[in-house]
Amino acid sequence: MSDSIKITGITATGFHGVYTEERVKGQKFVVDVKLTLELKGIADDLAKTVNYADVAHLVVRHITGEPVNLIETVAEAIADEVLKDFPLVKKVKVKVHKPEAPINVEFADVVVQVEKER
């Protein structure tokens, strides 16, 4: 199956991280989501696909929600909830970007990717 919906660059401030400063100050997190599902024959009917606005709101809830130590945990929680809440999704890929991670060298981004399927 190669049909998919991608939502890229979902951005919000979260307080995830292992360091106290991350938990107090917060930082920008960016999430990309790819949903794999069957799109043939949807006949312009929203009920036969996934409302990507609902997925984006789910992602923001996880970014801004209860802090956790690892972005791996954030990615996995998003993937699990997408599969739970959207039964038409057969596979989900979640990338969590932490471009302001506390690393003492120059870098462009830190990204964790999780893929789950039914």
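**Notebook: sheet, helices and core**

I began with the pairing of β3, residues 91-97, and found that this strand runs antiparallel to β4 and is joined to it by seven bridges. The model I am reading is a predicted one. To fix the register in my mind I looked up one pair, and Lys-95 has Gln-113 of β4 as its bridge partner.

I then traced the whole sheet, which is open, has four strands in the order β1-β2-β3-β4, and pairs in antiparallel fashion. At its edges I noted β1 (4-14) and β4 (111-117), each of which pairs on one side only. From one strand to the next, the twist averages 15 degrees.

Next I asked which strands each helix lies across. Helix α2, residues 52-64, lies across β1 and β2 (27-36) and runs at about 30 degrees to β1. Helix α3, residues 71-85, lies across β2, β3 and β4, and its angle to β4 is about 30 degrees.

I turned last to the largest nonpolar core, which holds 29 residues, and among these Leu-35, Val-82 and Val-92 touch the most other members. At least two residues of this core come from each of β1, β2, α2, α3, β3 and β4, while the largest share, seven residues, is supplied by α3. Setting aside neighbours within four places in sequence, I listed the contacts of Val-82 as Leu-35, Val-55, Leu-58, Val-89 and Val-92. I add as background that in soluble globular proteins nonpolar side chains tend to be buried together.

Terms used: Residues are numbered from 1 along each chain as its sequence is written. This is a predicted model: local features need pLDDT of at least 70, side-chain atom pairs count only at pLDDT 80 or more; totals for chains, interfaces and linings use all residues. Side-chain values use heavy atoms; hydrogens and water are left out. Two strands pair if DSSP finds at least two bridges between them. Axes are lines fitted to C-alpha atoms, for helices over the stretch in contact, and angles run from 0 to 180 degrees between N-to-C directions. Contact means heavy atoms within 4.5 Å. A nonpolar core is a set of buried Ala, Val, Leu, Ile, Met, Phe, Trp, Tyr and Cys residues joined through side-chain atoms within 4.5 Å. Buried means under 20% relative accessible area, exposed over 50%, partly exposed in between (1.4 Å probe, protein chains only).
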